Each structure stands twice: as C-alpha cells, then as structure tokens.
Amino acid sequence: LLFYGIIVVSAILLFKKSSNEVSVSVNNIQSTMNRYNNGETAAKCSYKDCHVEEFCMISEDLNNMIANINTHIANEYQLKIAQKTAEYQALQAEVNPHFLYNTLGMFITLNRIGEKRSLERSIISLSHLFRYTCEHNSDSTIDKEFSFISDYLALQKTRYEDRLVYKIYMEPGVENFTIPKLLIQPLVENAIIHSLEPSAEPIDILVSAVTTENKNGFHFIIISVINTGLPFMKDAQSHKRVGLTTIKDRLEIYNKNAFLTISGGIGKPTKCYIIIPTKMIGETK
C-alpha cells in the first residue's frame with residue numbers, strides 16, 4: 001500500500017508539473033498572439049517560457065509567421081504609397097495644363113496693356129511654382145507649402161483682381177513641420193474653381209496653420225483653408241472637387257490619426273481643416 005501510495009503521489013506530481021509546463025507554454029504563445037493582434041507588431045514568443053519541445057517549435061514557427069506578415073505589410077504599405085503618389089502626380093498633370101493655359105493667357109494680356117511690372121512678378125511666381133512641383137520628393141514642410149500657395153494665389157489675384165482677397169497666416173514654430181507635398185494646394189484650387197469662377201461675387205480666402213491642444217493633452221496642428229464664395233454642398237459637389245479623396249488617402253498613409261474635414265452650406269463659408277496630431281504633453285518629439 002505504501003508503495004502504491006508513493007506511485008500515486010509521484011504520478012500526481014508529475015502530472016501537475018507536466019500540466020503546468022504545457023499551460024505556461026500555451027499561455028506564452030497565446031499572449032504573443034494577443035499582443036500582435038492588439039497592434040504590437042514587434043511581439044515575439046520567448047523560447048525560455050516554453051518548457052515543452054513541441055511548443056518551442058510552435059513558438060519558433062509563430063515568430064517566423066509574424067516576421068513574414070510584417071514584411072508583407074511593409075511591402076504592401078510601400079506599394080500603396082507609390083500608387084497614391086502616382087495617382088496624385090497624374091491628377092496634377094491633369095490640372096496643370098488648364099491652370100497654365102489661363103496663366104499664359106493672362107501674361108499675354110498684361111504684356112498688351114503694358115503692365116510690365118505685374119508681368120515680371122507673375123512670371124517669377126510661375127517659375128517658383130514649377131520649380132517646386134518638379135522637385136523629386138514626396139514630403140515637404142508647411143513653410144514651403146505656404147510659399148507655394150502664396151505664389152499660386154498671387155497669380156490668381158493678378159487674374160481676378162478685386163474679386164479675390166486672400167490672407168496667409170502661419171503660427172511661428174510650425175514652419176519646419178513635415179507634411180506630404182502638395183497636400184494643401186487642391187483645397188485652395190477648389191476654392192478658386194468652385195467658389196470663385198462660377199460666380200461674379202468676390203471671395204475671401206484664408207489659409208492658416210496653427211497649433212492647439214485638447215483637454216486630454218494631445219497636441220495638434222490644424223491647417224485650414226476657408227473661403228466665402230459659393231457654398232460647398234457636400235452631397236452634390238464632393239465628387240467634383242479636385243483631390244479630396246487623394247488628400248484623405250495621403251493623410252491616412254502619412255499619419256493614421258490625421259484627417260480632413262469640410263463643412264459649409266448656403267449662407268456659410270466653406271471651411272476645410274486638415275488636422276494632424278503631433279504629440280502628448282511631456283512626450284519628446
């Protein structure tokens with residue numbers, strides 16, 4: 001009886017030990033899968049926590065699978081960036097001839113009426129625009145983007161004269177903040193094409209970039225394009241406006257928490273806001 005008792009106790013202890021090793025190994029694997037599923041892409045399963053050879057093999061396979069998935073996601077991400085960049089370049093190629101045609105017609109008019117100084121300024125502004133668009137990079141800064149917008153609106157001001165009033169404001173300190181290149185221009189272009197051109201009324205355009213902070217401690221940069229021209233009717237006009245979908249897609253690639261919002265309506269100014277979260281209070285840049 002004593003012998004059988006010792007055997008039973010030993011069997012129970014061995015079963016508990018084996019069960020504990022299996023439980024620890026399974027929990028380790030499950031924990032790794034949960035962490036990865038919650039967005040921790042660098043999660044790895046530790047071999048030290050696996051006490052069973054078979055589970056060590058499963059852990060190794062899991063780590064290899066995570067690495068392969070991460071590589072696949074990175075490749076798809078780069079492909080998506082390249083695709084959206086190509087789409088935007090195609091969009092620009094489609095828009096630029098119309099703008100260039102009108103601008104060259106304006107140059108001819110300025111030359112004929114003897115406005116040599118205005119003609120010279122306009123030619124310089126146009127050269128700045130094309131020098132900027134021809135630079136082979138996908139990112140820029142708010143300062144460079146606003147310089148581009150300034151030259152663009154200066155040309156439009158020469159064309160529309162008193163019908164267009166514009167102001168550009170950039171809060172000190174945001175000049176070197178990096179954003180996708182030509183992100184703001186479609187919003188300004190839409191203000192000209194849809195709010196100014198179809199109407200005989202003058203409009204004001206305000207372009208600004210400021211920082212703000214919410215009650216939870218998040219810092220944001222808000223880039224706004226506001227115009228007082230013809231109202232923006234969301235359902236009727238969204239599909240006609242240049243580059244809105246492209247802006248949203250590029251923002252999603254640039255920062256998944258950034259977004260574009262547009263509001264307006266009859267009797268209201270059209271307000272376009274690009275909102276980009278930057279950091280929490282106390283967080284280093």
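Let's begin at Y4, which sits in helix α1, the stretch covering residues 2-37. Keep in mind as we go that this is a predicted model. Y4 has a relative accessibility of 58%, so it counts as exposed, the cut-off for that label being over 50%. Y4 also has company out there: together with F3 and I7, it makes a nonpolar surface patch of about 370 Å².

Now move along to helix α4, residues 142-160. A quick check on its geometry works out nicely: with 19 residues at 1.5 Å a residue, the helix should span 27 Å, and because its end C-alpha atoms are 26 Å apart, the two figures agree. Plenty of α4 is tucked away, too. Its buried residues are I142, E145, F146, F148, I149, D151, Y152, L153, L155, Q156 and Y160. Have a look at what comes just after the helix as well: E161 takes a positive phi there, of about 55 degrees.

Last stop is S199, in the loop that links α5 (185-196) and β4 (203-213). Is this serine buried or exposed? Its relative accessibility is 14%, so S199 counts as buried, given that the label applies under 20%. What does the side chain of S199 reach? It goes to the backbone nitrogen of E201, at 3.0 Å. Setting aside the neighbours within four places in sequence, S199 is also in contact with R163 and L230. So that loop serine, buried at 14%, has a backbone partner in E201 and contacts with R163 and L230 from beyond its sequence neighbours.

Technical notes:
Residues numbered from 1 in each chain as written. Predicted model: local features only at pLDDT ≥ 70, side-chain atom pairs only at ≥ 80, totals over all residues. Heavy atoms only, no water. Helix = DSSP H or I, 4+ residues; strand = E, 2+ residues; numbered from the N terminus. Buried < 20%, exposed > 50% of the residue type's maximum accessible area, 1.4 Å probe, protein only. Polar contact = N/O pair within 3.5 Å; in protein donor to acceptor, adjacent residues only side chain to side chain. Contact = heavy atoms within 4.5 Å. Expected span 1.5 Å × (residues − 1). Patch = residues over 30% accessible without salt bridge, like charges linked within 9 Å, V, L, I, M, F, W, Y side chains within 5 Å. Areas by Shrake-Rupley, 256 points an atom, 1.4 Å probe, with all protein chains shown as cover. Salt bridge = Lys/Arg side-chain N within 4 Å of Asp/Glu carboxyl O.
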